[in-house]
Amino acid sequence: MKRTSQITLTLMTAAMVAGCAQQTQKQRVKCYQHPSNPSVCSQNRVGGYVPVYYPMFTGGYYYDSYGRSYSENHPTYKSAATRYTATTGRSLPSSVKANGGSVSRGGFGSTGAGRSVGA
Amino acid sequence: MKRIEHAPRLNWEARVEEKGMLYHTANGVPYWNEEAHYEFNLDQIEELEAATNELQEMCIAAVQHVIDERRFEELAIPEWMIPMILNSWERDDPAIYGRFDFSYDGFNAPKMLEYNADTPTSLVEAGLIQWFWLQDHAPNADQFNSIHEKLVGYWSFLRKYLRGQTLQFVSMDDLEDVATVTYLRDTAEQAGLSTSYISFDQLGFDNDLRRFVVARESAEPQLIDSIFKLYPWEWMAHEAYSDELIETEGKTQWIEPAWKMILSNKGILPILWELYTGHPNLLPSYRDQYMFRADEPLVVKPLLSREGANVSIIDPYGGNHNTSGEYGEEGVIYQAYHPLPDFGGYRPVIGSWVIGQESAGIGIRESAGPITDNFSRFVPHLFY
């Protein structure tokens, strides 16, 4: 009546989390974020992907962690920061970044940085 | 209702980890505490279930009242969010969950302390971890817990109302938050939904298409039609994408919906008391302190605080207690002080879950002090 009779899990699988329990907090987060790929928990993982996003602006082009240019053949990225201050006067994050020519990101999450969102 | 102490399972850390709880210990102190459990009888469980269902109905009526009477200012809801709230309410946008917090001693009626209707956590502990604990500890006992199957069932019900092919999930890069979202994804996928996860730094906005997109650095942006966010509406309303949020209203389907801003706000407590004065599951609550006698113990709660932050107990007889935090600028409410029951120095709060619109089970967090904060510990329960 008030009781679950059986629980099966797919993403929260034993294999996924068991391999991650001994890892660092940051690696554990990655275990949850990539549940279908337990190899993300391996601290010895090597490869070409740098799991940090740091766009660089050079002469009209943005480059990502791979050194690839994103803004070619796209409209000029309009700074979200400019728009927000002009229209609303609301809080402005320091982390609005360009991903592609016309795509911004980082517009949510500033308040929650470093604290729990749970209630 | 009893608190019963016992030895934990020998390998309890591994047992909870293998079910997905990697945050069972914080700063060397177990947050998941299975050195005790609470035991209820069936009457008590049915009382909690009935109170939860009745309060949920009252809360829905209170939302309609706030909308009809335009009482948004009392809740410090920004003007620019009101159309989004109204539209999400009119469309009956999908809402999946919420958690009432009760003070309950097993004898007197449960009293609603607040409603965490937007971003409730401890879902993994309540829905999963304590259920598996029961299988090991007392498999013949019962537990008020159908959270998992109700989640799967409700996602299945919502399938026809969700937009797009994939339900996107987004959270901060916090271990508990990501675990909560992963569990919700798990239940959604078991209901037949296709899901995907991003952290907030991968949530983007396409300035040409004027739509929110998944903006991973290694892939082309993908339009988001429906998205579950584990992030409070009141924060989103003041962050940089608030313009885009309003502009895309009706194009991106947000879960929980914007109308949950009304219920996840402590300002709903005085409104509920006004609408249902004297209800046995409510505590007297007001916007003005002078509504209480000077010798009456009361609790001051910010409209938007989280995890017990910035709560003050003003008790002329028992002394005052305060918690620190960063909330309160938006205003406060005053609620009659109803001390948590004391079980040998442990004070439990009953978190009573609503899945869809229905009571689904409980989880218990206990503290040593009178205010349940983020140092509280989760303790499992059972009933016979």
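How many helices and strands does the secondary structure of chain B come to? The tally is 10 helices and 22 strands, and everything shown here comes from a predicted model.

**Figure 1. Chain B as a whole.** With its 10 helices and 22 strands, chain B has a radius of gyration of 21 Å, close to the 21 Å that the globule rule gives for 384 residues, so chain B is as compact as a globular protein of that length. Along the principal axes, the C-alpha atoms take up a box of roughly 60 × 55 × 35 Å. Of the 384 residues, 64% count as buried. Take the contacts between residues at least 6 apart in sequence: 70% of them join residues at least 24 apart. On the outside, chain B exposes about 13800 Å², and carbon and sulfur atoms supply 47% of that. As for charge, there are 29 positive and 61 negative side chains, yet the centres of the two sets lie 2 Å apart.

**Figure 2. Chain A and its seven-part pattern, α-α-β-β-α-β-β.** Chain A has three helices and four strands. Buried residues account for 41% of its 119 residues. Among contacts between residues at least 6 apart in sequence, 22% join residues at least 24 apart. The accessible surface of chain A is about 6400 Å², with 52% of it belonging to carbon and sulfur atoms.

**Figure 3. Inside the largest nonpolar core.** This core holds 128 residues. The ones with the most contacts inside it are B:Phe40, B:Met112, B:Trp155, B:Phe228, B:Trp254 and B:Ile262. Helix H2 (residues 42-69) of chain B brings the largest share, 10 residues. As background, nonpolar side chains in soluble globular proteins tend to be buried together.

**Figure 4. Who sits around B:Trp155.** Zooming in on one of those core residues, and leaving aside neighbours within four places in sequence, B:Trp155 is in contact with B:Ile96, B:Leu167, B:Phe169, B:Leu184 and B:Thr187, among others. The list also includes B:Ala188, B:Ala191, B:Leu193, B:Phe228 and B:Ile255. B:Phe228 turns up again here, as it is also among the residues with the most contacts inside the core.

**Figure 5. Helix H10 under cover.** Helix H10 (residues 268-275) of chain B is mostly covered, with six of its eight residues buried. Which ones are buried? They are B:Ile268, B:Leu269, B:Pro270, B:Ile271, B:Leu272 and B:Trp273. Their packing partners in chain B are H2, strand E6 (111-116), helix H9 (260-263), strand E14 (285-286) and strand E18 (332-336).

**Figure 6. B:Tyr276, in the loop between H10 and E14 of chain B.** With a relative accessible area of 25%, B:Tyr276 is partly exposed, because that category runs between the 20% limit for buried and the 50% limit for exposed. Not counting residues up to four places away in sequence, B:Tyr276 touches B:Met58, B:Ala61 and B:Leu282. The C-alpha atoms of B:Tyr276 and B:Gln44 are separated by 23 Å, and the two residues are 232 apart along the chain.

**Figure 7. B:Gln56, a glutamine in helix H2 of chain B.** Is B:Gln56 buried or exposed? At 4% relative accessibility, B:Gln56 counts as buried, because the cut-off for that is under 20%. Leaving out residues up to four places away in sequence, B:Gln56 touches B:Phe100, B:Tyr115, B:Val354, B:Gly356 and B:Gln357.

**Figure 8. Backbone oddities.** Most residues other than glycine have a negative phi, and most peptide bonds are trans. Here are the exceptions picked out for this view.

- A cis peptide bond joins B:Ile255 and B:Glu256, with omega at about -5°. B:Glu256 lies in the loop between strand E13 (253-255) and H9 of chain B.
- B:Asn27 is not a glycine, but its phi is positive, near 55°. B:Asn27 lies in the loop between strand E2 (25-26) and strand E3 (29-30) of chain B. At 79% relative accessibility, B:Asn27 counts as exposed.
- B:Asp92 also has a positive phi, near 60°. B:Asp92 lies in the loop between helix H3 (82-91) and strand E5 (97-103) of chain B. B:Asp92 is exposed too, with a relative accessible area of 61%.

How values were computed: Residues numbered from 1 in each chain as written. Chains lettered and ligands numbered in written order. Predicted model: local features only at pLDDT ≥ 70, side-chain atom pairs only at ≥ 80, totals over all residues. Heavy atoms only, no water. Helix = DSSP H or I, 4+ residues; strand = E, 2+ residues; numbered from the N terminus. Rg over C-alpha atoms; globule rule 2.2 N^0.38 Å. Buried < 20%, exposed > 50% of the residue type's maximum accessible area, 1.4 Å probe, protein only. Contact = heavy atoms within 4.5 Å. Areas by Shrake-Rupley, 256 points an atom, 1.4 Å probe, with all protein chains shown as cover. Lys, Arg positive; Asp, Glu negative; His and termini not counted. Charge placed at Lys NZ, Arg CZ, Asp CG, Glu CD. Core = buried A, V, L, I, M, F, W, Y, C linked by side-chain atoms within 4.5 Å.
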